[in-house]
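Work through these exercises with the model open beside you. Try each task before reading its solution.

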Amino acid sequence: MVGLLRFCLWQQAQYPLAVSSVRTSRKAVLLGGAYLPPTHPLLSNWKFRNVQWMVTTTRRRRRVRESRCGTVKEEEEEDSSSTAGVMGASPIQLLLVSDLDSTMVDHTDPYHTALLRFNNLWAAEYAHNSLLVYSTGRSPHKYEELHQQVPLLTPSIGIFSVGTEILYGSSLEPDQGWVSLLDDGWDRGVALKELQRFTNLRMQDASEQRPHKISCQVDSKDAQDIMKKLSERLQDCGLKVKIVFSHGIDLDVLPQRAGKGEALAYLLQKMRSKGQIPQNTLVCGDSGNDIELFLVEGVRGVIVGNALPELVEWYKEHGKNKDKIFQATERCASGILQSLQHFSLGPHLSPRDRMGLNGIDSPILPSESRNGRPAMHGCAQREVVEFNTLFEKWINAEVPNNAETFQRLTRVIARGSTMVYPWGVEQSLVDSVSSAQPKYGIMKDNKLRTWIDCIQEQKLADEIFLVTWHSWQISAGGEKKGYFATAILRTKEGMPNGVEWVRVHETARK
């Protein structure tokens, strides 16, 4: 019963088990880390039965890597560029570039309600064709600390240390080309020596001192005078530097070519060289060190409702008449969601927000069709997110306790579908899900909160989809837990997202 309940809460293994291949044999088919018997209904589809399909989408090094997005085994050699696994062949619908502290993350909300809404929307509607980029003053070390504390998604790209470091993927691989550009006209030792002459500057933590960044703190009343004098001294030393003051206290000395805006412009140029120009780029910020982001050519921007005076004043003086900058009224991630609607960049209501009287109101599927079937790209991912969200709402008593609501969960499960638990037990998927119906409201007092990360959808064959994802969960006063999961879905007319569940395999995160 405990194991069943864990599945009902999606507490076991909602993290994607790495899949290197799909292969057939006379005995079974390996899919999503679990073998399907040859009598399984999925294999009745002759188009799928003979598939020999590599699920991985990029060429990678042949090695075993443990990362936040799971263990990838026996990877092949990766492209020489560290962006190869990030900038794939598919068009990029939206490049969303956001600051973290007080922009994506609201430190005044202990439950991170807005951030969870953003996560929910991104996984359901954007993860399959868009890129998420964090642009933060935090060092990689400080970012990792934040990632452990709050429900942050894993970005495709990270711009860290006020635009002096560009790192890719969950493994945080550095962009060496960017490093070489910043070395021009920069001597950290000379800059530090001159900076130490100012007694009213206080050095920040050692973790924030980076190869191309010297970080201090200064009283706001002294900032302008110090910046002017320090700039003159460093120029006399022959250095090409940039001095950034933000949050009313932080002062950063950087190479002249560094900065959040310069780093983003570099990335966009790199994408153009690969023919991967994003259809839309949205930048999001709250403070002075985000101003550069809004100045990058061709981007739209949102200033969140809780922005600091330094950014608001700049907007009033320089950005008021620019139709590509939106001043949100909502705080942090809620302001970002507002901007998606304002600029008509795509869906702005997450599955959490689309709750009707009978559960989740699915969006209308695309009108394009093939052989009378709706276009399916991204629909399997959306189904995974909606299914997970409704389960959370059910056990939290946040949807009506009636058969019609719960039927949204059971009607999308294919006949003969199965569930494989982390300990190897295989059971009927519909039985596992149905056991949750009497568990309505069991987390009502503690409010379980979940979010899906690193979700990926692969089309294995006509009408067959593989979805892998990571799932985190936490309850009030509880411990944060993570899981891997792999699911097989197939097209089915009449279903909310045009697909039904065939098999789920869960693996506990160690």
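**Exercise 1.** Leaving aside its neighbours within four places in sequence, which residues is Trp451 in contact with?

*Solution.* Begin with the ground rules. This is a predicted model, in which local features need pLDDT of at least 70 and side-chain atom pairs count only at pLDDT 80 or more, while totals for chains, interfaces and linings use all residues. Residues are numbered from 1 along each chain as its sequence is written, and side-chain values use heavy atoms, with hydrogens and water left out.

- Step 1. Fix the term: contact means heavy atoms within 4.5 Å.
- Step 2. Find Trp451 in strand β24 (residues 449–461). Strands (E, at least two residues) and helices (H or I, at least four) are DSSP runs, numbered from the N terminus.
- Step 3. List the partners. Trp451 touches Leu116, Asn119, Pro151, Leu152, Leu153, His470, Ser471, Trp472, Gln473, Ile474 and Lys480.
- Step 4. Check burial. Buried means under 20% relative accessible area, exposed over 50%, and partly exposed in between (1.4 Å probe, protein chains only). Trp451 has 4% relative accessibility, so it counts as buried.
- Step 5. Compare sequence and space. Val385 is 66 residues from Trp451 in sequence, and their C-alpha atoms are 8.6 Å apart.

**Exercise 2.** Describe the largest nonpolar core, then follow one of its residues outward.

*Solution.*

- Step 1. Fix the term. A nonpolar core is a set of buried Ala, Val, Leu, Ile, Met, Phe, Trp, Tyr and Cys residues joined through side-chain atoms within 4.5 Å.
- Step 2. Find the best-connected members. The largest core has 36 residues, and Leu96, Met104, Phe118, Leu152 and Leu282 touch the most other members.
- Step 3. Name the contributors. β6 (94–98), α3 (113–126), β7 (131–135), α4 (140–149), β15 (280–285) and α11 (332–342) each give two or more residues to this core. The largest share, seven residues, comes from α3.
- Step 4. Follow Leu152. Neighbours within four places aside, Leu152 contacts Leu100, Met104, Val105, Leu115, Tyr134, Tyr143, Leu146, His147, Trp451 and Asp453.

**Exercise 3.** At what angle do α3 and α11 pack, and how far apart are their axes?

*Solution.* Two packed helices are described by the angle between their axes and the distance between the axes.

- Step 1. Fix the geometry. Axes are lines fitted to C-alpha atoms, for helices over the stretch in contact, and angles run from 0 to 180 degrees between N-to-C directions.
- Step 2. Read the pair. α3 and α11 pack at about 40°, with axes 8 Å apart.
- Step 3. Classify. Angles under 35 degrees are roughly parallel, over 145 roughly antiparallel, 65 to 115 roughly perpendicular, and the rest oblique. α3 is therefore oblique to α11.
- Step 4. List the residues. Ala114, Leu115, Arg117, Phe118, Leu121 and Tyr126 of α3 meet Ala333, Ser334, Ile336, Leu337 and Leu340 of α11.
- Step 5. Sort them. Ala, Val, Leu, Ile, Met, Phe, Trp, Tyr, Cys and Pro count as nonpolar, Asp, Glu, Lys and Arg as charged, and the others, Gly among them, as polar. This contact has nine nonpolar residues, one polar and one charged.
- Step 6. Check the cover on α11. Eight of its eleven residues are buried. The buried residues of α11 pack against β6, α3, β15, β16 (300–303) and β17 (325–327).

**Exercise 4.** Repeat the analysis for another partner of α3.

*Solution.*

- Step 1. Take helix α12 (residues 379–395). α3 and α12 pack at about 150°, with axes 7 Å apart.
- Step 2. Classify. That angle makes α3 roughly antiparallel to α12.
- Step 3. List the residues. Asn120, Ala123, Ala124 and Glu125 of α3 meet Gln381, Arg382, Val385 and Thr389 of α12.
- Step 4. Sort them. The contact has three nonpolar, three polar and two charged residues.

**Exercise 5.** Is His247 buried or partly exposed?

*Solution.*

- Step 1. Place His247 in the loop between β13 (241–246) and β14 (250–255).
- Step 2. Read phi. His247 is not a glycine, yet its phi is positive, about 60°.
- Step 3. Decide. His247 counts as partly exposed, at 35% relative accessibility.
- Step 4. Set Leu172 beside it. Leu172 lies in the loop between β9 (165–168) and β10 (173–174), and its phi is positive, near 55°. Leu172 is buried, with a relative accessible area of 19%.
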